[in-house]
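I am opening a notebook on this model. I want to learn how its parts fit together. My entries follow in the order I looked things up.

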Amino acid sequence: MISREEFSQIRDNGIWQQNTSLVQILGLCPLLAVTTNLVNGVMLSLATIIVMAIANVAVAALRNLIPHEIRIPVFILIVAALVTVVDLIFNAQFHELYRVLGIFIPLIVTNCIVLARVEAFANKNPPLQSAFDGLFMGVGMLWTLALLGGLRELIGGGTLFSGIDMVFPALLPLQLLPANYPGLLLAMLPPGAFILLGCLIAWKNWVETRAAARHAGPGSHQAPPVVVSDSV
Amino acid sequence: MTPLLRAPSAARMALRTAIILLVFVVAFTSLLAAAYLWTRPAIDAAAAAEKMKLIGEVLPADLYDNELLSDSRQLAPSVALGLDEESTAYLARKGGKPSALVFEAVAPDGYSGRIRLLLAVAADGTLLGVRVTQHKETPGLGDYIEPRKDKNKERPWIRQFDGLALALVADREWRVRKDGGRFDSVAGATITPRAVIKAVHKALQYVAENRQQLFAASQGGSR
């Protein structure tokens with residue numbers, strides 16, 4: 001079972017403290033490629049949430065059977081197999097949803113967020129906790145990618161929710177800036193994503209520094225936040 | 001772990017680890033194989049339905065009554081279609097008579113790479129419709145060639161081609177307005193429409209030149 005305290009710690013870690021995109025800086029490759037608009041960012045995150053929760057549960061359930069020395073190849077095997085199975089089942093059973101989410105699922109196989117959570121959390125915790133960890137890490141990614149995608153879309157083309165009609169055919173994208181807004185191509189291209197992601201990280205650190213300063217009172221020194229980074 | 005062996009030899013350890021890894025590999029490969037076999041029929045059916053839906057966008061349903069996906073012919077690679085591999089064309093028939101051809105073409109000179117097109121041309125040479133099936137044009141800029149991404153929902157850019165024919169549009173008019181042609185384009189993104197217009201024009205010429213074989217009633221005449 002899971003205690004209330006444990007639950008809120010997992011939740012806060014996933015959504016803010018250890019946010020995959022802003023603190024762990026993981027999974028940059030799909031992040032850059034996909035967040036050209038809000039809808040894509042949300043869709044990739046939803047696909048990641050599903051895969052991460054399932055992979056975490058599977059690894060947590062099998063964790064006592066996996067020898068320490070070969071855990072990484074076994075994790076990769078489990079994650080890759082599960083992602084492929086999820087991909088196939090989605091394609092067969094929820095074809096409409098697959099047409100929207102489908103292109104994102106294979107991207108997740110190589111996404112080190114999944115492997116990182118499996119290694120750092122599911123390997124040491126029971127299935128229920130691991131499921132919540134996968135879920136909330138994904139939620140943290142969801143809001144970050146939605147924000148990043150929304151900003152890029154708004155600055156780049158003056159719209160919001162473009163592509164929403166692929167998910168809900170009845171809805172139309174919003175044109176927020178005047179139709180003759182020339183657009184800023186940079187925001188749409190990968191460098192724009194880097195710049196905006198940098199701004200978001202700075203904003204998060206600023207919020208935290210301010211909160212810490214208020215908490216500790218004026219004059220106290222705050223240890224710099226530890227940034228755990230990784231390639232890809 | 002085993003009380004009998006206080007310090008298992010390296011070889012034993014390696015063997016044990018290898019066996020465990022093997023068990024995992026076999027278990028998860030079987031899982032994959034089972035999932036593949038189980039989902040195959042549904043995925044095939046969905047893929048066929050999707051193909052028909054895409055064809056339906058370029059080919060009006062009242063123009064054919066045959067089983068389109070099984071009435072196919074292979075087209076040899078050709079420069080005119082921009083294809084360097086064989087492609088499949090589908091012959092639409094109404095009451096047994098060939099009425100239209102659905103085929104693929106590629107615009108090789110898009111802003112970022114190849115743009116794949118699906119075209120439907122009626123037996124009399126009229127272009128029934130064009131759709132972009134694959135491209136890598138800049139999101140939010142060049143991707144208006146895809147009606148889903150086109151901000152103009154009333155009359156998406158790609159529909160300008162509907163109903164055109166070589167007989168109706170002179171050669172020099174197969175250009176964007178900016179270059180003296182008849183086609184609209186979005187300011188700042190003219191390389192993309194130029195590539196599409198050129199590819200459609202060449203595809204129509206290809207159909208005009210190979211009409212006999214393409215619309216041959218028997219499948220034996222496939223090239």
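**Confidence in chain A.** I looked first at pLDDT, the predictor's confidence in each residue, from 0 to 100. Among the elements of chain A, helix α9 (residues 164-167) has the lowest mean, 73, and α8(A) the highest, 92. Chain A averages 84, and 92% of the residues score at least 70. The elements are DSSP runs numbered from the N terminus: helices are H or I of at least four residues, strands are E of at least two.

**Ground rules.** I note that this is a predicted model, in which local features need pLDDT of at least 70, side-chain atom pairs count only at pLDDT 80 or more, and totals for chains, interfaces and linings use all residues. Residues are numbered from 1 along each chain as its sequence is written, while chains are lettered from A and ligands numbered from 1 in the order in which they are written.

**A loop residue.** I checked A:I25, which lies in the loop between α1 (4-17) and α2 (28-34) of chain A. Its phi is near 50°, a positive value in a residue other than glycine. Is A:I25 buried or exposed? I count a residue as buried if 20 or more other C-beta atoms, placed from the backbone, lie within 10 Å of its own, as exposed if 12 or fewer do, and as partly exposed in between. A:I25 has 18 C-beta neighbours inside 10 Å, so it counts as partly exposed.

**Cores.** Next I looked for nonpolar cores, meaning sets of buried Ala, Val, Leu, Ile, Met, Phe, Trp, Tyr and Cys residues joined through C-beta atoms within 7 Å. The largest has 48 residues, and A:A55, A:I78, A:V79 and A:V114 have the most contacts inside it. Helix α3(A) gives the largest share of this core, 14 residues. I followed A:V114 further. Not counting residues up to four places away in sequence, A:V114 touches A:V51, A:M52, A:A55, A:V79 and A:I108. Touching here means that C-beta atoms, placed from the backbone, lie within 7 Å. Another core, of 46 residues, lies apart from it and includes B:I55 and B:V207.

**Chain B.** I listed three helices and five strands. From the N terminus on, they run α-β-β-β-β-β-α-α. Of the 223 residues in chain B, 29% are buried.

**The sheet.** How are the five strands ordered? They form an open sheet, β1-β2-β3-β4-β5 (chain B), with antiparallel pairing. Strands pair if DSSP finds at least two bridges between them. β1 (72-75) and β5 (127-134) of chain B each have a single partner strand, so one side of each is left without a neighbour in the sheet. Nine bridges join β3 (residues 97-110) to β4 (residues 113-122) of chain B. Here B:A100 stands opposite B:A122 in β4(B).

**Helices on the sheet.** Helix α1 (residues 10-58) of chain B lies across β2 (87-94), β3, β4 and β5 of chain B, at about 135° to β5(B). Helix α2 (residues 191-209) of chain B touches β3, β4 and β5 of chain B, and its direction makes about 140° with that of β3(B). Axes are lines fitted to C-alpha atoms, for helices over the stretch in contact, with angles from 0 to 180 degrees between N-to-C directions.

**Where the chains meet.** The contact takes 23 residues from chain A and 19 residues from chain B. On the chain A side, α4(A) gives the largest share, 12 residues.

Conventions: Contact = placed C-beta atoms within 7 Å.
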